[in-house]
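Me: I'd like to walk through this one in plain language, going from rings to strands to a few polar side chains. Can you take my questions as they come?

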Amino acid sequence: MITKSAVRTGTYAIDTKRSQVRFRATHFFGLGPVTGTFTVRDGTITVTPEGAEVTARVAADSFTTDKARRDADVKSKRFLHAEAHPDLLFTGRHLTRDGDRWLLHGRLTVRGTTAPVTLELESATAGADGCRFRARTRVDRYAYKVGIRGIVSRFLDVDFDILGTPTAR
């Protein structure tokens with residue numbers, strides 16, 4: 001549940017040790033599930049009375065599933081090209097309400113290509129050590145020119161579990 005008063009206004013640094021990015025996709029023409037994680041490198045969340053702004057960098061070379069060979073392939077030039085493009089960058093600047101849902105509209109840069117993306121905020125809760133934000137989105141890898149068609153599903157469903165700690169004022 002999210003309300004405008006769920007978290008205090010201010011700027012929060014993303015706690016990279018206690019934040020996760022998880023994804024789900026399918027491989028072999030949609031026949032088998034693939035799940036994995038990325039590591040958040042750094043980022044900030046600024047909450048204002050008017051909305052929120054988010055900047056987050058995810059380490060491309062942190063792509064991890066249960067298959068080391070697949071991980072190496074995805075990090076290679078065929079897919080993420082993590083050596084040349086070490087970060088996946090999300091910037092969100094426009095928070096809107098759609099019925100009972102909150103949507104954060106932004107831009108995602110992967111492998112040097114930037115395209116619009118919208119995150120659906122599932123929860124924003126305040127705690128003693130900061131604020132936890134949970135969100136999800138669907139990423140179209142074709143929009144970012146990542147990989148070849150057919151072997152891996154076109155879409156990745158991505159879940160974010162982010163802890164923001166207040167920055168000094």
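**Strands, rings and polar contacts**

Reply: Let's start with Glu120: setting aside neighbours within four places in sequence, this residue is in contact with Arg101, Trp102, Leu103, Arg134, Ala135 and Arg136. Keep in mind that the model is predicted.

Me: Is Glu120 buried or exposed?
Reply: Glu120 is found in strand β7. The cut-off for buried is under 20% relative accessible area. Glu120 comes in at 17%, so the verdict is buried.

Me: Which side chain does Glu120 join in a polar contact of 3.4 Å?
Reply: The residues that Glu120 touches include Arg101, Leu103 and Arg134. The side-chain polar contact at 3.4 Å goes to Arg101.

Me: How many residues sit between β7 and β8 in their hairpin?
Reply: Strand β7 covers residues 113-127, and it pairs with β8 in the antiparallel sense over seven bridges. Ala124 stands opposite Phe133 in β8. The hairpin that β7 and β8 form has a number of residues between the strands, and that number is two.

Me: How many bridges join β8 to β9?
Reply: Strand β9 covers residues 155-166 and runs antiparallel to β8. Val139 stands opposite Leu156 in β9. The number of bridges joining β8 to β9 is 10.

Me: How many of the 11 residues in β8 are buried?
Reply: Strand β8 covers residues 130-140. The strand is described as mostly covered, and its count of buried residues is eight.

Me: What is the relative accessibility of Asp140, and why does Asp140 count as buried?
Reply: Asp140 lies in strand β8. Buried means under 20% relative accessible area. Asp140 falls below that, so it counts as buried, and its value is 18%.

Me: Which residue joins its side chain to Asp140 in a polar contact of 2.8 Å?
Reply: Not counting residues up to four places away in sequence, Asp140 touches Arg154 and Phe155. The side-chain polar contact of 2.8 Å is with Arg154.

Me: Now the rings. Is the pair of Phe23 and Phe38 tilted or edge-to-face?
Reply: The structure holds four aromatic pairs. Planes over 60 degrees apart count as edge-to-face, and those under 30 as stacked. Phe23 and Phe38 have ring centres 5.5 Å apart and planes at 50°, so the pair is tilted.

Me: How many residues apart are Phe23 and Phe38?
Reply: Phe23 belongs to strand β2 (residues 20-27), and Phe38 to strand β3 (residues 32-48). Both residues are buried. The pair links distant parts of the chain, with a separation of 15 residues.

Me: What is the angle between the planes of Phe38 and Phe63?
Reply: Phe38 and Phe63 form an aromatic pair that is edge-to-face, with 5.5 Å centre to centre. Here Phe38 in β3 meets Phe63 in strand β4 (residues 51-64), 25 residues apart. The angle between the planes is 70°.

Me: Which residues form one aromatic cluster?
Reply: Phe38 pairs with Phe63, and also with Phe23. Phe38 is buried, as is Phe63. The residues of the cluster are Phe23, Phe38 and Phe63.

Me: Which residues touch the most other members of the largest nonpolar core?
Reply: That core has 41 residues. Ile45, one of the best-connected members, has contacts beyond four places in sequence that include Tyr12, Val54, Phe133 and Ile162. The residues touching the most other members are Phe38, Ile45, Leu80 and Tyr144.

Me: Which residue is the bridge partner of His94 in β6?
Reply: Strand β5 (residues 87-98) pairs with strand β6 (residues 101-110) in the antiparallel sense over nine bridges. In the hairpin of β5 and β6, Gly99 takes a positive phi near 65°. The bridge partner of His94 in β6 is His105.

Me: Which residue of β5 is the bridge partner of Thr55?
Reply: β4 and β5 pair in the antiparallel sense over six bridges. The partner of Thr55 in β5 is Thr91.

Me: Last one: which side chain does Thr11 join in a polar contact of 3.4 Å?
Reply: Thr11 is found in strand β1 (residues 10-14), and is partly exposed, with a relative accessible area of 30%. Its contacts beyond four places in sequence include Thr44, Ile45 and Thr165. The polar contact of 3.4 Å joins the side chain of Thr11 to that of Thr46.

Conventions: Residues numbered from 1 in each chain as written. Predicted model: local features only at pLDDT ≥ 70, side-chain atom pairs only at ≥ 80, totals over all residues. Heavy atoms only, no water. Phe/Tyr/Trp six-rings, centres within 6.5 Å; stacked < 30°, edge-to-face > 60°. Helix = DSSP H or I, 4+ residues; strand = E, 2+ residues; numbered from the N terminus. Buried < 20%, exposed > 50% of the residue type's maximum accessible area, 1.4 Å probe, protein only. Core = buried A, V, L, I, M, F, W, Y, C linked by side-chain atoms within 4.5 Å. Contact = heavy atoms within 4.5 Å. Polar contact = N/O pair within 3.5 Å; in protein donor to acceptor, adjacent residues only side chain to side chain. Pairing = 2+ DSSP bridges.
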